[in-house]
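Welcome to a short guided tour. Open your viewer, switch on a cartoon view, and keep the selection box handy.

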Amino acid sequence: MFGQLKGLVILGVVGFILYSVFLGGKSEQTADLGQVLDRTEFALVNYQGYLESNSFDSVAEEQMTEFTGYYTDVLNADPRFYGTSLGLTVQNDATFLGYADDNGNRVQDEGEGKVFTVEIDEANNRLIATDVAGNSSGLRFSGTGFLTGMLLGNLLGRQRAAGVTPNSFNNRNVTPRSQYQAPRSARSGGPRAGK
């Protein structure tokens, strides 16, 4: 009887190890939404300097592509807050989709999954970041400067064209940035660290 019990215990341990390695070990990393919001705000505010050095009256697709590249650089700046490079695309509804860009080519290839989204909540003057687990955090943001306003205006125009109304986010349950706590393994500094 003792031999059978010992065999069951060994079988249970081996089964647990196999499950952990082959099935349970594939959990996705959670994004630090605080870092996502801080770096989004940083990108929006600091892109103003680039825009001022280039003369144009509206934000065209070329400028949106340039901003997305700048924003991607800010997300990947040291210190890193995510385990792999992040890529970024702007969806038709003006949602920024962040994905795990494992090979760093800035193209979402097959198998490079979504990590977070950032949406603009016009009615409540905030940015909303949401991770793959459905957790959301918000940061009040009004933008600064005329050219940054043009960029936000372009994004809000995209939202309206996609059927997103200014009040679409009113019932969205989010944790304010000031109260958001990152998962312990995801904490690190960033553009707003030390403030």
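Two strands count as paired if DSSP finds at least two bridges between them. Helices (H or I, at least four residues) and strands (E, at least two) are DSSP runs, numbered from the N terminus. This is a predicted model, in which local features need pLDDT of at least 70 and side-chain atom pairs count only at pLDDT 80 or more, while totals for chains, interfaces and linings use all residues. Residues are numbered from 1 along each chain as its sequence is written, and side-chain values use heavy atoms, with hydrogens and water left out.

**Stop 1: the sheet**

Select the strands and follow them across. Six of them form an open sheet in the order β1-β2-β3-β4-β5-β6, with mixed pairing. β1 and β6 stand at the edges with a single partner strand each, so one side of each has no neighbour in the sheet.

Now pick β2 and β3: they run antiparallel and are joined by 4 bridges. Show Gly98 here, and you will find it opposite Phe116 in β3.

Move on to β5, residues 136-140. Is this strand enclosed, and why? It is largely enclosed by the rest of the structure because 4 of its 5 residues are buried; buried means under 20% relative accessible area, exposed over 50%, and partly exposed in between (1.4 Å probe, protein chains only). On one pairing, β5 is joined to β4 by 5 bridges, and the two run antiparallel. Arg126 and Arg140 of β5 stand opposite each other. On another pairing, 2 bridges link β5 to β6 (residues 175-176), and this pair runs parallel. Label Gly138 and Pro176 to see a pair of bridge partners, the latter in β6.

**Stop 2: the turn between β4 and β5**

Zoom in on the hairpin that β4 and β5 form, with 4 residues between them. Gly134 in this turn has a positive phi of about 95°. Next, select Asn135, in the loop between β4 and β5. Asn135 is partly exposed, at 41% relative accessible area. Apart from residues up to four places away in sequence, Asn135 touches Leu33, Ala129 and Thr130 (contact means heavy atoms within 4.5 Å). For a distance label, try the C-alpha atoms of Asn135 and Ala31: they are separated by 9.7 Å, although the residues are 104 apart along the chain.

**Stop 3: a buried aspartate**

Select Asp121 in strand β3. Asp121 has a relative accessible area of 0% and is buried. What does the side chain of Asp121 reach? A polar contact of 2.9 Å joins it to the side chain of Asn124, where a polar contact is a pair of N or O atoms within 3.5 Å; within protein, one must be able to donate a hydrogen and the other to accept it, and residues adjacent in sequence count only if both atoms are side-chain atoms. A polar atom of the Asp121 side chain also lies 3.5 Å from the backbone nitrogen of Ala123. Leaving out residues up to four places away in sequence, Asp121 touches Arg126, Ile128, Pro166 and Phe169.

Step along to Asn125, in the loop between β3 and β4. Asn125 is not a glycine, yet has a positive phi of about 45°.

**Stop 4: the core and α3**

Show side chains for the largest nonpolar core, which has 34 residues. Such a core is a set of buried Ala, Val, Leu, Ile, Met, Phe, Trp, Tyr and Cys residues joined through side-chain atoms within 4.5 Å. Those with the most contacts inside it are Phe67, Tyr71, Phe96, Phe116 and Leu155. α2 gives the most to this core, with 6 residues. Centre on Leu155: beyond its neighbours within four places in sequence, it is in contact with Met64, Val90, Ala94, Phe96 and Ile120.

Ala94 deserves a click too, in the loop between β1 and β2. Its phi is near 75°, a positive value in a residue other than glycine, and at 1% relative accessibility Ala94 counts as buried.

Colour α3 next: this helix lies across β1, β2 and β3. Among its buried residues are Met64, Phe67 and Tyr71.

**Last stop: a cis bond**

Finish at Pro79, in the loop between α3 and β1. The peptide bond joining Asp78 and Pro79 is cis, with omega about 0°.

Technical notes:
Axes fitted to C-alpha atoms, helices over the stretch in contact; angles between N-to-C directions.
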